[in-house]
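Got your viewer open? Load the model, switch on a cartoon view, and keep the selection box handy.

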Amino acid sequence: MAENTDVVVIGGGYAGVMAANRLTRRDDVTVTLINPRPVFVPRLRLHQVVGASHDAVVDYREILAERVRLVVGDVTRIDPAGRDVTLAAGGTLGYGHLIYAVGSGSPVMRVPGAAEFAHPVATLEAARRLRSVLDAASPAAPVTVVGAGPTGIETAAELAERGRRVTLVCGGVLGPYLHPRARRTAARRLADLKVTVLDGPGTKTTAVTRDAVRLADGRELPSEVTVWTAGFGVPDLAARSGLTTDAMGRLLTDETLTSVDDERIVAAGDAAAPSDLPFRMSAYAAGCLGAHAADTVLDRTAGERPAPVDLSFPAMCVGLGRRAGIFQFAHKDDTAMRLYIGGRTGAKLKELSCRFSVKHLADEARKPGSHTWPKGGNRRELLAARRGEAPATTEPAARPGTPM
């Protein structure tokens with residue numbers, strides 16, 4: 001009988017759970033998932049935690065394969081030479097292969113005063129703290145949301161729909177990813193919710209105080225509660241462990257998602273930087289990369305050559321409160337099309353995407369290896385262009401599946 005291979009997965013988010021479940025395709029693979037919390041957090045719903053419309057918690061028993069062992073705790077160090085990880089609670093855990101899926105969280109807020117007076121929303125704990133702050137504030141208190149990506153737009157709309165006085169400071173363009181047509185729809189919806197949207201080059205935040213936000217153009221906005229949604233950060237576990245990372249701290253890998261330092265370490269999700277050209281951070285990408293990372297490990301344990309990652313982005317969803325949303329269709333190169341769906345139908349599609357992001361994990365737990373995703377992006381062309389090579393001929397794209 002073949003000897004068992006022990007695989008440790010660090011991180012129990014979309015990427016880590018998908019990878020752990022997929023690894024159970026093989027009976028000779030033992031899987032341990034390490035996560036700081038005893039519950040799964042569907043991060044697509046954290047703005048709803050802030051707005052008190054969802055608790056953003058799912059029991060791991062609903063989405064994790066029975067054969068996956070869950071260890072609740074933090075990893076403080078990875079030892080590639082010794083092939084083990086050190087746990088904050090004490091002791092070590094050995095591995096034959098490791099999947100690094102630590103995800104992302106709140107950024108380091110370098111704007112003066114932001115770390116002291118602004119409230120991030122990138123983790124469950126941060127979202128809960130912000131909700132408590134809002135509950136303690138007057139209903140008429142001015143609220144400023146800094147950052148106009150999906151999280152900023154969704155948080156601003158969620159709070160405004162509940163009667164809060166919200167100003168959304170874009171620091172540039174509202175919804176940079178969106179097509180201009182969809183962006184105008186988002187602006188109209190925010191206006192209907194009485195959100196004051198400040199966009200343009202002068203709206204970069206330069207300082208945050210206890211009761212105000214200062215902008216590059218000299219304006220000072222009254223703000224009793226300031227919400228920070230401008231960007232994400234990744235844990236420094238890889239760097240602390242002596243592994244090669246990109247400038248942001250993501251684990252640097254090749255196109256199979258294998259660490260450039262150690263073929264027994266594979267990365268997935270927001271904390272992975274394949275070829276120093278990371279994919280857009282999203283639940284959709286995390287799930288797909290988690291599945292590919294598991295396939296890479298299974299190929300290696302079987303003595304087969306892992307395949308390069310192939311992923312395209314068919315759409316992006318942005319919620320505009322509970323009664324409106326935007327489902328933005330995308331080209332294979334992850335740029336927005338003119339085509340989008342807004343209004344109530346957009347809201348329904350956004351809700352479906354949130355549900356399916358969890359359902360895909362549960363489906364993979366029941367039937368490991370079943371998760372599929374759209375292929376045929378332009379990644380090979382991007383890599384070739386960066387190397388100064390002629391673009392390679394691409395194969396026909398696979399039929400798109402259900403986007404998250």
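What follows is a walk through a predicted model, one selection at a time.

**Stop 1: helix 1**

Select residues 14-23, which make up helix 1. How many of the residues of helix 1 are buried? Ten of its ten are, so this helix is mostly covered. If you want to click through the buried residues, they run Y14, A15, G16, V17, M18, A19, A20, N21, R22 and L23.

**Stop 2: helix 1 against helix 9**

Keep helix 1 on screen and add residues 343-366, helix 9. At what angle do helix 1 and helix 9 pack? The angle is about 20°, with the two axes 8 Å apart. Angles under 35 degrees count as roughly parallel, so helix 1 is roughly parallel to helix 9. The crossing here is left-handed.

Now show side chains for the contact: Y14, V17, M18, N21 and R22 come from helix 1, while S357, H360, L361, E364 and A365 come from helix 9. Colour this contact by class and you get five nonpolar, three polar and two charged residues.

**Stop 3: helix 1 against helix 8**

Hide helix 9 and bring up residues 283-301, which form helix 8. The axes of helix 1 and helix 8 come within 7 Å and cross at roughly 35°. Which hand does the crossing of helix 1 and helix 8 have? Helix 1 passes helix 8 in a right-handed crossing, whereas its crossing with helix 9 is left-handed.

On the helix 1 side, pick Y14, A15, M18, A19, R22 and L23. On the helix 8 side, pick A283, A286, G287, G290, A291, A294, D295, V297 and L298. This contact of helix 1 with helix 8 divides into eleven nonpolar, two polar and two charged residues.

**Stop 4: G103, over from A15**

Stay with A15 from helix 1 and select G103 as well. The two are 88 residues apart in sequence, yet their C-alpha atoms are 7.8 Å apart in space. G103 sits in the loop between strand 9 (97-100) and helix 3 (114-117). Is G103 buried or exposed? Its relative accessibility is 17%, so G103 counts as buried. Leaving out neighbours within four places in sequence, G103 is in contact with V234, P235, D270 and A271.

**Stop 5: two strand residues**

Jump to T144 in strand 11 (residues 142-146). At 1% relative accessibility, T144 is buried. Draw a distance from the C-alpha of T144 to that of V225: the separation is 6.4 Å, across 81 residues of chain. Beyond its neighbours within four places in sequence, T144 touches T167, V169, V213, P222, S223, V225, T226 and V227.

Next, select V208 in strand 14 (residues 205-208). V208 is buried too, with a relative accessibility of 3%. Where T144 and V225 gave you 6.4 Å, try V208 and L124: these C-alpha atoms are 84 residues apart along the chain and separated by 23 Å. With neighbours within four places set aside, the contacts of V208 are P112, G113, A114, F117, A118, T226 and W228. You have met T226 before, in the contact list of T144.

**Stop 6: T185 and its polar partner**

Select T185, found in helix 6 (residues 180-192). T185 has a relative accessibility of 14%, which means it counts as buried. Which side chain does the side chain of T185 make a polar contact with? Turn on Y340 and you'll find the pair at 2.4 Å. Apart from neighbours within four places in sequence, T185 is in contact with I326 and Y340.

**Stop 7: a pair of positive phi values**

Finish on the backbone. Most residues other than glycine have a negative phi, and here are two with a positive value.

Select D334, in the loop between strand 22 (325-330) and strand 23 (336-341). Its phi is about 70° although it is not a glycine. D334 is buried, with a relative accessible area of 17%.

Then select A52, in the loop between helix 2 (46-50) and strand 4 (58-59). Phi of A52 is near 65°, again positive in a residue other than glycine. Where D334 is buried, A52 counts as partly exposed at 46% relative accessibility.

Definitions and conventions:
Residues numbered from 1 in each chain as written. Predicted model: local features only at pLDDT ≥ 70, side-chain atom pairs only at ≥ 80, totals over all residues. Heavy atoms only, no water. Axes fitted to C-alpha atoms, helices over the stretch in contact; angles between N-to-C directions. Helix = DSSP H or I, 4+ residues; strand = E, 2+ residues; numbered from the N terminus. Parallel < 35°, antiparallel > 145°, perpendicular 65-115°, else oblique. Left-handed = near helix turned anticlockwise from the far one by under 90°. Contact = heavy atoms within 4.5 Å. Nonpolar A, V, L, I, M, F, W, Y, C, P; charged D, E, K, R; others polar. Buried < 20%, exposed > 50% of the residue type's maximum accessible area, 1.4 Å probe, protein only. Polar contact = N/O pair within 3.5 Å; in protein donor to acceptor, adjacent residues only side chain to side chain.
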